[in-house]
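Please open the model in your viewer and keep the sequence panel visible. The tour below proceeds by selections, each followed by an account of what is found there.

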Amino acid sequence: MDLHDAPDEAAFRAGLRDWLRERLPAEPRQWSGDELRQWSRDLHRAGYAGLTWPAAHGGRGLPAGHQAIFAEESALAGAPDHLNVIGMNMVGPTLISRGSTAQQARYLPGILSGEILFCQGFSEPDAGSDLAAVRTRAVRVDGGYELHGEKVWSSYAHLADHCLLLARTDPTGSKHQGLTCFLLDMRAPGVAVSPLRQLNGDSDFNQIVLTGARVRDEDVVGEPGQGWSVALSTLAHERGTFGITLTARLTVQFARLLRTVRQYGAQHDPLVRREVAELHTRLQGLRYTGYRSLAAQRRSGEPGPESSLLKLEWSLVHQRVCALAVRVQGGDAVLDGYWQHQRLRSRANTIEGGTSEILRGIVAERVLGLPRSR
C-alpha cells in the first residue's frame, strides 16, 4: 500500500483544492435545497461527477483513488454532499453493471447532471437492514407489476424523482430468492412519501407507502427473482469510498472537539486526555483501514467487505466524540447547541446504512471467514 499520491493524483488533488477554495464559503453553513441543486450542477460542469464511471457512460473513467481524493478533500473543505449522492454512488454504478441499455440511456445522463434524483427503498419496518426479510410485494399484472408495502429510512425520498427498490415477486422460495429490483417513478399513483422526525428534530429520512404503484417490465433491474444479487452489488458500491468520506468528516469533528476541550480548559483533565488520546488512536486506525480497503479495491476493481468494518467503527467513534464534547461543555451544551445536536444525531449512526448487528455479521462471515450465525 503506497500512501503517497502518484503524480497524476497529486495534480488532481491540487486542482480540486483550488476549485473548492474558490467556491465554498469561508464558514460552514446550512445549504438550501436550491443551493444544493446548483452545487450538483457545478460539480458536473467542472467534471467532478462520475469520476470513476466509464467514459462510455459519461464519466471520466478514473481509478478509485481519484474518487477517494475527491471524497477526502470535499469532506475536509466542508463541502456538502452531492444532492444525488444515492444516484451517483449507488444507482448509477448498479445500472452500469446490471441495467439494460434502455435503462442506462434513460437515467445515467440525468443522474450525472443532477437533473434526475434517486432515493433507495431497501429498508422496511420489522426488517431494518435485513434485506432478505423484505415484505413489500410485487404482484404480476399485464405489462408489469403492482407494488404493495412500506419502505422506511429512505434518504432524499421527499426530493427524489425515482427510487431503486426491492420487492418480493415470489413468496414460495427461500427468503434470499424471489426478490426483484425495480426502478419506481416517485410521482406515480400509489406512492406516498412522509418525513420521519428524528431525535434531534431533523427530517433526513422518509417513509414510502406503496398501494398498488405500477412499474413496467422494463423497470426491472437484472432478471426477475435475482434482486438479492443486484442489491448486494448496490450496497457494495455504497460502501466503496464511503469509508474515506466518513473518516475525513470525522477528522474535522475531532479537530472541533480539540478546540472545545481547550476552550473549556479541559486539556489538563487526565480522564479527558486519556479519552482524547484513545479517540485519536482509533481515528488513525480508521484512516489507515480506509487506505487499505482502497488498495484492495484498486487490485480487485470492486469494493470489498472491509468497508463494513469502517462504517461499524466510525459510528462508534463518532458517538464517543460527540458524547465527550457534550460532557466537557456541561450545561453550556444546551446554549451552544452544536454538540448537543450532533450528540442526538449520532445516536442513529449505529442504525443507518446497515445496523451494527448486521455489519458485525458481515465482518464475521466475509472478513474473518466464520460460519453463518443463522
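Is the crossing of helix 4 and helix 5 left-handed or right-handed? The model is a predicted one, and the answer can be traced on it by selecting residues 85–98 for helix 4 and residues 101–113 for helix 5. The crossing of this pair is left-handed. The two helices pack at an angle of about 160°, and their axes are 10 Å apart. Angles over 145 degrees count as roughly antiparallel, and helix 4 and helix 5 are therefore roughly antiparallel to each other. Display the side chains next: Gly87, Met88, Val91, Gly92, Leu95 and Ile96 of helix 4 meet Gln103, Gln104, Tyr107, Leu108, Ile111 and Leu112 of helix 5. Eight of these contact residues are nonpolar and four are polar, with no charged residue among them.

**Helix 3 against helix 7**

Select residues 64–76, which form helix 3, together with residues 242–263, which form helix 7. Helix 3 and helix 7 pack at an angle of about 25°, with 8 Å between their axes. Helix 3 is for that reason roughly parallel to helix 7. Their crossing is right-handed. On the helix 3 side, the residues in contact are Ala68, Ala71, Glu72, Ala75 and Leu76; on the helix 7 side they are Ile244, Thr245, Ala248, Arg249, Thr251 and Val252. This contact divides into seven nonpolar, two polar and two charged residues.

Now centre the view on Thr245, a residue of helix 7. Is Thr245 buried or exposed? Thr245 is buried, because its relative accessible area is 13% and the limit for a buried residue is under 20%. Apart from neighbours within four places in sequence, Thr245 is in contact with Ala71 and Ala75.

**Helix 7 against helix 9**

Keep helix 7 selected and add residues 306–329, which are helix 9. Here the packing angle is about 15°, and the axes of helix 7 and helix 9 lie 10 Å apart. Helix 7 is therefore roughly parallel to helix 9. Helix 7 passes helix 9 in a left-handed crossing. From helix 7, the contact is made by Gly243, Leu246, Leu250, Gln253, Phe254, Leu257, Thr260 and Val261. From helix 9, the contributors are Leu310, Lys311, Trp314, Val317, His318, Val321, Cys322, Leu324, Ala325, Val328 and Gln329. The residues of this contact comprise 13 nonpolar, five polar and one charged.

**Val276 in helix 8**

Proceed to Val276, which is placed in helix 8, residues 270–300. Val276 counts as buried, at 14% relative accessibility. Its contacts, leaving aside neighbours within four places in sequence, are Phe254, Leu258, Val261 and Leu324. A distance label drawn between the C-alpha atoms of Val276 and Cys322 should read 12 Å; the two residues are 46 residues apart along the chain.

**Helix 11**

Select residues 338–346 for helix 11, and highlight Trp339, Gln342, Arg345 and Ser346, which are buried. Why do these residues lie on the same side of helix 11? They cover an arc of only 125° around the axis, which puts them on the same side of the helix. An α-helix has 3.6 residues a turn, so residues three or four places apart point the same way. To see what the buried residues of helix 11 pack against, add strand 7 (205–216), helix 7, helix 9 and helix 10 (332–336).

**Ser194 in strand 6**

Turn to Ser194 in strand 6, residues 191–196. Ser194 is partly exposed, with a relative accessible area of 30%. Neighbours within four places in sequence aside, Ser194 is in contact with Asn206 and Gln207. The C-alpha atoms of Ser194 and Gln207 are separated by 5.1 Å, although these residues are 13 residues apart along the chain.

**The loop between strand 3 and strand 4**

Finally, select the loop between strand 3 (144–151) and strand 4 (162–168), where Trp153 lies. Tyr156 is also found in the loop between strand 3 and strand 4. Most residues other than glycine have a negative phi. Trp153, which is not a glycine, has a positive phi of about 60°. Tyr156, likewise not a glycine, has a positive phi of about 65°. At 24% relative accessibility, Tyr156 counts as partly exposed.

Methods. Residues are numbered from 1 along each chain as its sequence is written. This is a predicted model: local features need pLDDT of at least 70, side-chain atom pairs count only at pLDDT 80 or more; totals for chains, interfaces and linings use all residues. Side-chain values use heavy atoms; hydrogens and water are left out. Buried means under 20% relative accessible area, exposed over 50%, partly exposed in between (1.4 Å probe, protein chains only). Helices (H or I, at least four residues) and strands (E, at least two) are DSSP runs, numbered from the N terminus. The arc is that of the directions from the helix axis to the C-beta atoms. Contact means heavy atoms within 4.5 Å. Axes are lines fitted to C-alpha atoms, for helices over the stretch in contact, and angles run from 0 to 180 degrees between N-to-C directions. Angles under 35 degrees count as roughly parallel, over 145 as roughly antiparallel, 65 to 115 as roughly perpendicular and the rest as oblique. A crossing is left-handed if the near helix is turned anticlockwise from the far one by less than a right angle, and right-handed if clockwise. Ala, Val, Leu, Ile, Met, Phe, Trp, Tyr, Cys and Pro count as nonpolar, Asp, Glu, Lys and Arg as charged, and the others, Gly among them, as polar.
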